[in-house]
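Here is a walk through one protein model, starting with a single spot in the chain and working outwards. Keep the structure open beside the text as you read.

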Amino acid sequence: MCGIVGCIGTEQAAPILLEGLSRLEYRGYDSAGVAVFDDQAGALSVHKAKGRLQVLSDQLHGGADLRGTVGVGHTRWATHGAPSDANSHPQVSHSGRIAVVHNGIIENYAELKAFLMGQGIPFTSETDTEVVAQLIEYFYEGDLLQAVGRVLHRIQGAYALGILCADYPDQIVAVRKDSPLILGCGQGCSFLSSDVTALLRHTRNVIYMEDGDLAVLTREGIQCYNHLMQPAEKEIVQVDWAVDAAEKGGYEHFMFKEIMEQPEALRRCLSPRIQKGEIVFEDFSLSEDYLQKMNRIYIVACGSSYHVGMVGKYHLERLTRIPVEVALGSEFRYMAPIVDKNTLVIVISQSGETLDTMAALREARRLGGHILSIVNVVGSSIARESDQVLYTWAGPEIAVATTKAYTTQLALLTLLALWLAKRLGTISDADYQAGVAGFLELPGKMDETLSHRDDIQYFASKYFNHDSIFFIGRNLDYALGLEGSLKLKEISYIHSEAYASGELKHGTISLIEEGTLVVALSTFSSLFAKAMSNVVEVKTRGASVLALTTQSHREEMAQTADAVMTIPDIHELLLPSLGVVPLQLFAYYVALMRGCDIDKPRNLAKSVTVE
């Protein structure tokens, strides 16, 4: 949600800002803007535009029109105030001296705005962010840091801030609370950004700001301060992502590129963790004493990560015989969760910054739970606040609709289920070894699945014009259907729902009529007969059925279904890992044929950092 970039150095700032913002477009936005200190004019030059970043870039001729080597930029997703030039960031104080870019929400902005207007200060936008700029100006008496510190004691909510002051032309001030902000350390230059992908062209050395941190960026370096405004030493982390990992590499869309990258992402995720037939986790263990006392597992996540948790629940309960509850991050705090010191809380987040999930983590920790997170971004907020972390090593994922993050999260959670079962003694050696062997086959079988993508494209060409689609399945296939349905609806804008097949006669079947498309999932062999009966059930009522099953059941399914997608046979634990690939491809090709903006679907953001 929204994106911040900032730079100070010796090169012209505006082109760097625009290029950085282009790498944050995937986060979702409806307007963009930049502020640069014009050293010849001795003032801030601010330019903003509603709509795509290209509109702003065209106005500024790619940034060539703006003089200056210090600046901040922003892509905004409207929260307070409709999308407009006036409501775009940067927001500027009434004198023009202070410019602010902001991610998050200032919860008490109305009260602060009323106070400032009572002091005769005029406002030009409907945003909560303008309150920050005006309040800094109100408290400013020549010392910028002192003014910012006084503001931070008065604003409430979540925020990442980039601040320019015309009286301090050789610095940028950055502030973070509950919203991600990363600092980049270069030679003779410094940077800030919401996401490391915007920094990779300029530096791989970054500082992850903690909640309550404040930083001053200059050409000579970065000085960080804690919430008491005391100087603080921060670790500089080297990012090992390749620059081209955040680029399309010849593919039409990032989403398609990331679908195709999944086998390699799985190899990175799994190879170091399976050694000589054993599952080995780096820098991670749970003591035998803790495992014997563990009485409950919570999986907490949002969106696709929640669907990973739904699959994980089936695996964990079947393998460990420990009760597992899957909770939405946004609901966890309000459900009076039963958590104590013997509760393992597995927190899943691709970005490691999802605000609802972060709040759930803090609640679980307050209640005494042991926190294990599964994240992709090293040094992210969720990773830092967890007791233990498993990284997916999926690499940067740019498309809003997740693909390789989902499959690597799912692989890790399934691997964890096997690891726990072995240590709890709830799985036989033969079954354990069969599961490990399945993981070794998974990347290759995913390559095989992707090689049949032309078949999926053909099915998409047959069914892309439907306005309502239903996914049905049982057990693992039901959990898989949740993700398949989400992929379709979020990038193609087709109404899509996933239902447990056994619930059809409890109401859902009333929605099935002549020509309705039903995607019937039947990869779980032990329930294949029941799945077939559900296919017959919806066919009888006029539905068209696109089925997904394994190669061994293809012929039988083809006798009834109108079309059949298949995946290779594999260990049942890994069926959802393979099964999701045809569903991702189907969603992609349907959206492509409907002319949708696949990488940046409307109203969505990659990392949801406000409630």
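Start at Tyr 493, which sits in the loop between α16 (476–492) and β24 (495–500). This is a predicted model, so treat every value here as computed from predicted coordinates. Tyr 493 isn't a glycine, yet its phi is positive, at about 65 degrees. Is Tyr 493 buried, exposed or partly exposed? With a relative accessible area of 27%, Tyr 493 is partly exposed, because the partly exposed class runs between 20% and 50%.

Lys 276 has a positive phi too, near 55 degrees, and again the residue is something other than glycine. You'll find Lys 276 in the loop between β16 (274–275) and β17 (278–279). Its relative accessible area is 88%, so Lys 276 counts as exposed.

One more backbone feature is worth a look. The peptide bond running from His 89 to Pro 90 is cis, and its omega is near 5 degrees. Pro 90 belongs to the loop between β4 and β5.

**Two more loop residues**

Just along the chain is Ser 93, in the loop between β5 (91–92) and β6 (98–106). Ser 93 has 3% relative accessibility and so counts as buried. What does Ser 93 touch, once neighbours within four places in sequence are left aside? Its contacts are Ile 98, Ala 133, Gln 134 and Glu 137.

Glu 11 makes a good counterpart. Its loop lies between β1 (3–8) and α1 (13–22), and at 56% relative accessibility Glu 11 counts as exposed. Leaving out neighbours within four places in sequence, Glu 11 is in contact with Ile 16, Gly 68 and Thr 69. For a sense of scale, try Glu 11 against Leu 270: they are 259 residues apart in sequence, and their C-alpha atoms are 42 Å apart in space.

Here are the relative accessible areas of the residues met so far, plus one that comes up below.

| Residue | Relative accessible area | Class |
|---|---|---|
| Ser 93 | 3% | buried |
| Phe 459 | 9% | buried |
| Tyr 493 | 27% | partly exposed |
| Glu 11 | 56% | exposed |
| Lys 276 | 88% | exposed |

**The helix after Glu 11**

Now follow the chain into α1. This helix is mostly covered, with seven of its ten residues buried. Those buried residues are Ala 13, Ala 14, Ile 16, Leu 17, Leu 18, Gly 20 and Leu 21. Ile 16, then, is a buried residue of α1 that also touches Glu 11. What covers the buried residues of α1? The cover includes the strands β1, β2 (31–38), β4 (70–76) and β10 (190–193), along with the helix α2 (53–59).

**Aromatic rings**

Searching the whole structure turns up ten aromatic pairs. One of them is Tyr 298 with Phe 332, an edge-to-face pair with 5.4 Å from centre to centre and 90 degrees between the planes. This pair links distant parts of the chain: Tyr 298 is in strand β18 (residues 296–301), while Phe 332 is in helix α10 (residues 329–332), 34 residues apart. Both Tyr 298 and Phe 332 are buried.

The rings of Tyr 458 and Phe 459 pair up as well, with centres 5.8 Å apart and planes at 55 degrees, so this pair is tilted. Phe 459 is buried, as the table shows, with a relative accessible area of 9%. There is also an aromatic cluster, formed by Tyr 251, Phe 256, Tyr 588 and Tyr 589.

**The whole protein**

Time to zoom out. The protein has 19 helices and 27 strands. Its radius of gyration is 26 Å, close to the 25 Å that the globule rule gives for 611 residues, so the protein is as compact as a globular protein of that length. Along the principal axes, the C-alpha trace spans about 75 × 55 × 45 Å.

How much of the protein is buried? Buried residues come to 61% of the 611. Among contacts with a separation of 6 or more, 72% are between residues 24 or more positions apart.

As for the surface, the protein exposes about 22,500 Å², and carbon and sulfur atoms supply 48% of that. On the charge side, count 52 positive and 73 negative side chains, with the centres of the two sets 3 Å apart.

Conventions. Residues are numbered from 1 along each chain as its sequence is written. This is a predicted model: local features need pLDDT of at least 70, side-chain atom pairs count only at pLDDT 80 or more; totals for chains, interfaces and linings use all residues. Side-chain values use heavy atoms; hydrogens and water are left out. Helices (H or I, at least four residues) and strands (E, at least two) are DSSP runs, numbered from the N terminus. The radius of gyration is taken over C-alpha atoms; the globule rule is 2.2 Å times the number of residues to the power 0.38. Buried means under 20% relative accessible area, exposed over 50%, partly exposed in between (1.4 Å probe, protein chains only). Contact means heavy atoms within 4.5 Å. Accessible areas come from the Shrake-Rupley method with a 1.4 Å probe; for residues, only the protein chains shown count as cover. Lys and Arg count as positive and Asp and Glu as negative; His and the chain ends are not counted. The place of a charge is taken as NZ of Lys, CZ of Arg, CG of Asp or CD of Glu. Rings of Phe, Tyr and Trp (its six-membered ring) pair if their centres lie within 6.5 Å; planes under 30 degrees apart count as stacked, over 60 as edge-to-face and the rest as tilted.
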